[in-house]
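Morning, everyone. I have one structure to go through today, and I will keep it short.

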Amino acid sequence: MSLFEKRKVKEPEEVFILEAQLKCGICSRTKFWKRESQLHTKLLTFFELEWMNKTATCYVCAHCGHVHWFLPPEE
């Protein structure tokens, strides 16, 4: 891929969480884009260790843009 070539944008998809279809809490639509977001804490940010923070999976509604956050289960 060249420097100026456009990247292919993935189409939004249906998402299932624990075998239940995710529906937007605002518009009730079922198509989402998946994103990963890092969760920052004051302590690790103070020591410039943000890379050690947990990451959440986010699903962004393709219709209204509402973001649904999901944390990994505690182990």
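I start with one residue, Tyr59. Tyr59 has a relative accessible area of 12%, so it counts as buried. Please keep in mind that this is a predicted model.

What does the ring of Tyr59 pair with? The rings of Tyr59 and Phe70 have their centres 5.9 Å apart. Their planes stand at 65°, so the pair is edge-to-face; the cut-off for that label is over 60 degrees. A search of the whole structure finds one aromatic pair, and Tyr59 with Phe70 is that pair. As for Phe70, a relative accessibility of 26% makes it partly exposed.

Next, where the two residues sit. Tyr59 belongs to strand 4, residues 55-61, and Phe70 to strand 5, residues 67-70. The pair therefore ties together parts that are 11 residues apart in sequence.

Those two strands also pair with each other. Strand 4 and strand 5 run in the antiparallel sense, joined over four bridges. Going along them, Cys58 stands opposite Trp69 in strand 5, and Thr57 stands opposite Phe70 in strand 5. So Phe70 comes up twice: its ring pairs with Tyr59, and Phe70 itself faces Thr57 across the strands. Strand 4 and strand 5 form a hairpin with five residues between the strands, and in that hairpin Gly65 takes a positive phi near 85°.

Now the whole sheet. How many strands form it, and in which order? Three strands form an open sheet, in the order 3-4-5, with antiparallel pairing. Strand 3 and strand 5 stand at the edges with a single partner strand each, so each has one side left without a neighbour in the sheet. From one strand to the next, the twist averages 25°. As a general reminder, strands of a sheet pair through backbone hydrogen bonds, either parallel or antiparallel.

Last item, the largest pocket. Its volume is about 210 Å³. Which element gives the most to the lining of the largest pocket? That is strand 3, residues 32-38, with four residues. Strand 3 is also one of the edge strands I just described. In total, 12 residues line the largest pocket, and those nearest its centre are Lys10, Glu11, Phe32, Trp33 and Lys34. By class, the lining has six nonpolar and six charged residues, and no polar ones.

To recap: an edge-to-face pair of Tyr59 and Phe70, an open sheet in the order 3-4-5, and a largest pocket to whose lining strand 3 gives the most. That is all from me.

Definitions and conventions
Residues numbered from 1 in each chain as written. Predicted model: local features only at pLDDT ≥ 70, side-chain atom pairs only at ≥ 80, totals over all residues. Heavy atoms only, no water. Phe/Tyr/Trp six-rings, centres within 6.5 Å; stacked < 30°, edge-to-face > 60°. Buried < 20%, exposed > 50% of the residue type's maximum accessible area, 1.4 Å probe, protein only. 1 Å grid on protein atoms, 1.4 Å probe; cavity = no way out; pocket = protein on both sides within 12 Å on 5 of 7 lines; lining within 4 Å. Points joined across faces, edges and corners; volume = space filled by probe spheres on them. Nonpolar A, V, L, I, M, F, W, Y, C, P; charged D, E, K, R; others polar. Pairing = 2+ DSSP bridges. Axes fitted to C-alpha atoms, helices over the stretch in contact; angles between N-to-C directions.
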